[in-house]
Amino acid sequence: MAQENSEKEPNWKSDFPIETRRVTHVSRREFAKFLGILSGAFALSNGFIVVRAMAFPEKPLEGEHFIVNADEVAVGEMFQFEIEGSKTIPYILIHLEEDQWRAFEQKCTHLTCAVRYDKDVNKIECPCHNGWFSADTGEVLQGPPPRALPQLEVVVKEGKVYVREYVKDQNV
Ligand code: FES
């Protein structure tokens, strides 16, 4: 009877006599080695990020940067923009009232989700974890963000909107 069974086994089984249990088995030593390699890779990538940030610190924003014509952004609207050469992109420009403009980094200070202006409540929302910021000052109103949104100075000249360096007394 046993002979009959072995006769029915396909040829490849005798050519490759490896048991399934041996193929899928991972020893404790192999698993520890894998974890060690993984931890080392994480440590290396974190180290790389720190070294890069120290070697190439972000330059402060200098000069004025034209963003948009004032009549292209209606009161209550938000306009997303980038500044050439700045790593901190993108930004948002908000037309709060007739002569009131605000500009902030668009990265939430919690986990860098993109924030957006909600004109119905006149606040800036981060949809990721229900974080809210003041559209006037960028300060945190609610939720997990640890700091205010960095704010840029806005200047309007002859119908054109410009931004320049960060607002200094902001508690960021
Ligand atoms: S990323 Fe904005 S609240 Fe978490």
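Strand 7 (residues 131–134) has two unlike faces: Gly131 and Phe133 lie on the covered face, while Trp132 and Ser134 lie on the uncovered one. In a regular strand the side chains alternate between the two faces of the sheet. The model is a predicted one, in which local features need pLDDT of at least 70 and side-chain atom pairs count only at pLDDT 80 or more, whereas totals for chains, interfaces and linings use all residues. Residues are numbered from 1 along each chain as its sequence is written. Helices (H or I, at least four residues) and strands (E, at least two) are DSSP runs, numbered from the N terminus.

Strand 7 pairs with strand 6 (residues 123–126) in the antiparallel sense, over 4 bridges. Two strands are taken to pair if DSSP finds at least two bridges between them. Cys126 has Gly131 of strand 7 as its bridge partner. The two strands, 6 and 7, form a hairpin with 4 residues between them. Strand 7 also pairs with strand 8 (residues 140–142), again in the antiparallel sense, over 2 bridges. Here the bridge partner of Phe133 is Val140 in strand 8. The hairpin of strand 7 and strand 8 has 5 residues between the strands, and Gly138 in this hairpin takes a positive phi near 85°.

These pairings belong to an open sheet of 4 strands in the order 5-6-7-8, with antiparallel pairing. Strand 5 (116–118) and strand 8 are the edge strands, each pairing on one side only. On average, neighbouring strands of this sheet are turned by 40° against each other, direction ignored; the axes are lines fitted to C-alpha atoms, for helices over the stretch in contact, and angles run from 0 to 180 degrees between N-to-C directions. Strands of a sheet pair through backbone hydrogen bonds, either parallel or antiparallel.

Two residues in loops have an unusual backbone angle. Most residues other than glycine have a negative phi, and most peptide bonds are trans. Asn130, in the loop between strand 6 and strand 7, has a positive phi of about 55° although it is not a glycine. Thr112, in the loop between strand 4 and strand 5, likewise is not a glycine and has a positive phi of about 65°. A residue is buried if 20 or more other C-beta atoms lie within 10 Å of its own, exposed if 12 or fewer, and partly exposed in between, with C-beta atoms placed from the backbone. Asn130 counts as exposed because it has 10 C-beta neighbours inside 10 Å, and Thr112 counts as exposed because it has 12.

The largest nonpolar core (a set of buried Ala, Val, Leu, Ile, Met, Phe, Trp, Tyr and Cys residues joined through C-beta atoms within 7 Å) has 20 residues, and Ile92, Leu93, Ala103 and Ile124 have the most contacts inside it. Two or more residues of this core are given by each of strand 3 (91–97), strand 4 (100–105), strand 6 and strand 10 (160–166). Strand 3 supplies the largest share, 4 residues. Two residues are in contact if their C-beta atoms, placed from the backbone, lie within 7 Å. Leaving aside neighbours within four places in sequence, Leu93 is in contact with Ile67, Val68, Val73, Met78, Phe79, Phe81, Trp101, Ala103 and Val161.

The protein has 4 helices and 10 strands, and along the sequence these follow the pattern α-α-α-α-β-β-β-β-β-β-β-β-β-β. Of its 172 residues, 18% count as buried. Among contacts between residues at least 6 apart in sequence, 36% join residues at least 24 apart.
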